[in-house]
Amino acid sequence: MLSGTHKYDIKFLGKFLRPSAFAEKISVALTKQPKTPQSKHGIAMLTILVFLLLTSFAHAQEIDLLLKNGHVVDPANNINAQLDVAIADGKIVKVGPDISSEKAKKIVDVAGMYVCPGLIDIHTHVFVGSNPDTFADGILSLSPDDFTFRSGVTTVVDAGTSGWRNFPVFKDQVIDKSKTRILAFLNIAGAGMSGKQAQENINDMDPAKATEAIRKYPDVIVGVKIGHYEGSQWTPFENALAAASRSNMPLFVECHLPQYSLEDQLKRMRPGDIITHSFEKVSERMSVIDEQGKVRSFVKEAQKKGILFDLGHGGAGFWFSEAMPALQQGLAPNSFGTDLHRFSMNAGMKDMLNVMSKYLSMGMTKEDIIIRATAGPARSIKRPDLGHLSEGAVADVAVLSLRDGNFGFVDAGGNKIEGNQKFEAELTIRAGKIVWDLNGISAVKFTK
Ligand SMILES: [Zn+2]
């Protein structure tokens, strides 16, 4: 059974994400213009014209794909109801009740399933190549299309596997060749994750070069990463922060920084910057929970300041002993970054839906989980064009079902919790095209 209506945490979401808020702003701006009788008349005529144009367009619109009877969960638009979704030319053309199937080329009945914006995973390593020992251009990264669509993910952000030196190779070799939308946090280390030597080379952590690369690829690079430096100098962190500030983008802090204290890292970060591996329990970094089981006060301060907490599961980044008390005390992740790579995919992490299902078993509502997999990460990377099903938006859609059964969920320490529901990706749509169909719900039934 699908749940009834649920009130979204709009404060979490941020007003700027809601397209309706944009429309309100535009209409307010229009009404604030000084009005002469002529301009009033002009505005009225223009409004009528636009209205006529839109309605005639809607009538003439052919639908390539119509998803019927699903339960649409679109937090950015505050939609949580049984509605149909019409797609044409790779875009969402309408979300509403009982959309006529008369002009639809293909109809898929998704009754009993959740229809959500395509999921966004902001922590992955997908700069796959042939080098046997590295993440950058190596086999420790994964080929995105092999793993994304089967778990409802349509957008990934690569977390600094490349830097300004090898980003063009990444773009040419993987980004431009994949169906998954691939965005990137650019590593401040010039050669990205090309091994220890490259990651410790401060001379190559050049904010000017990083900023130049960001300017060259504004549609793909969404932030700057600092991560694997193990020394005690703050120059790498400061250079990464400088490149992020100059580009008006978030800094993504992946915490393999044993000489920097967690408190110092959080203090140096600005509102909107993202820390990952938020619930890890490793010797190289202090955890967010103190010895008394409480969220540390400086972590609470950072959350209040507007620092964003990405889950960043990976092989060692997610422990129930940290995540559960954190959730109970109001520290939920802002995004479910999986830290997808060769070592996490077959361990406790598995895929994004498995990570989301852990939170379901920990008591988070389905709706609050879906926000953190769609509109939340879109906000973190400042991409308001993604993570919603507004009319005119790119048709990236995840159709999910909740499977009942007995399931076990394992963290990075090998600890297990049990649950009786699990998310499953039934249908994934990328730019209007079906790219994953688990049970053939869009296929033609075979008859002898
Ligand atoms: Zn990572």
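**Entry 1: H6 against H7**

I looked up the hand of the H6/H7 crossing, and it is right-handed. I am working on a predicted model. H6 covers residues 207-216 and H7 covers residues 235-246. I read off their axes: they come within 9 Å and cross at roughly 35°.

Next I listed the residues that meet. From H6 I noted Pro 207, Ala 210 and Thr 211. From H7 I noted Asn 239, Ala 242, Ala 243 and Arg 246. I sorted this contact by class and got 4 nonpolar, 2 polar and 1 charged residues.

**Entry 2: the two sides of H6**

Which residues of H6 are buried? I found Pro 207, Ala 210, Thr 211, Ala 213 and Ile 214. I then looked down the axis of H6. The buried residues fall within an arc of 160°, so they line one face of the helix.

I turned to the face pointing away from that buried side. Ala 208, Glu 212 and Arg 215 are exposed there.

What covers the buried residues of H6? I noted helix H4 (167-173) and H7, together with strands S9 (181-187) and S10 (221-226), among the covering elements.

**Entry 3: the sheet**

I followed S9 and S10 into their sheet. It is open, has 7 strands and pairs in parallel. I wrote down the order as S6-S8-S9-S10-S11-S12-S13. The edge strands are S6 and S13, the latter at residues 308-309, and each pairs on one side only.

I checked S10 on both of its pairings. S9 and S10 run parallel and are joined by 4 bridges. Here Leu 186 has Val 224 in S10 as its bridge partner. S10 also pairs with S11 (residues 251-253), again in the parallel sense, over 3 bridges. There I found Lys 225 bridged to Phe 252 in S11. Ile 226 stands opposite Val 253 of S11.

H7 came up again at this point: H7 packs on the sheet and touches S10 and S11. I noted that the direction of H7 makes about 170° with that of S10.

How many residues of S10 are buried? I counted 6 of its 6.

**Entry 4: H10**

I moved on to H10, residues 320-328. Its buried residues are Phe 320, Glu 322, Ala 323 and Ala 326. I viewed H10 down its axis too. The arc holding its buried residues is 165°, so they line one face of the helix. Strand S15 (416-430) is part of what covers them.

I also looked just past the helix end. Gly 330 follows H10 and takes a positive phi of about 90°.

**Entry 5: H11**

Last I took H11, residues 352-361, and asked how many of its 10 residues are buried. I got 8, and the helix is mostly covered. I listed the buried ones as Met 352, Leu 353, Val 355, Met 356, Ser 357, Lys 358, Tyr 359 and Leu 360. Lys 358 stays on my list as a buried residue of H11.

I then noted what covers these residues. The cover includes strands S6 (119-124), S8 (153-163), S14 (397-410) and S15, and also helix H12 (366-371). S6 I had already met as an edge strand of the sheet. S15 I had already met over the buried residues of H10.

After H11 I found Gly 363, whose phi is positive, near 105°.

Conventions: Residues are numbered from 1 along each chain as its sequence is written. This is a predicted model: local features need pLDDT of at least 70, side-chain atom pairs count only at pLDDT 80 or more; totals for chains, interfaces and linings use all residues. Axes are lines fitted to C-alpha atoms, for helices over the stretch in contact, and angles run from 0 to 180 degrees between N-to-C directions. Helices (H or I, at least four residues) and strands (E, at least two) are DSSP runs, numbered from the N terminus. A crossing is left-handed if the near helix is turned anticlockwise from the far one by less than a right angle, and right-handed if clockwise. Two residues are in contact if their C-beta atoms, placed from the backbone, lie within 7 Å. Ala, Val, Leu, Ile, Met, Phe, Trp, Tyr, Cys and Pro count as nonpolar, Asp, Glu, Lys and Arg as charged, and the others, Gly among them, as polar. A residue is buried if 20 or more other C-beta atoms lie within 10 Å of its own, exposed if 12 or fewer, and partly exposed in between; C-beta atoms are placed from the backbone. The arc is that of the directions from the helix axis to the C-beta atoms. Two strands pair if DSSP finds at least two bridges between them.
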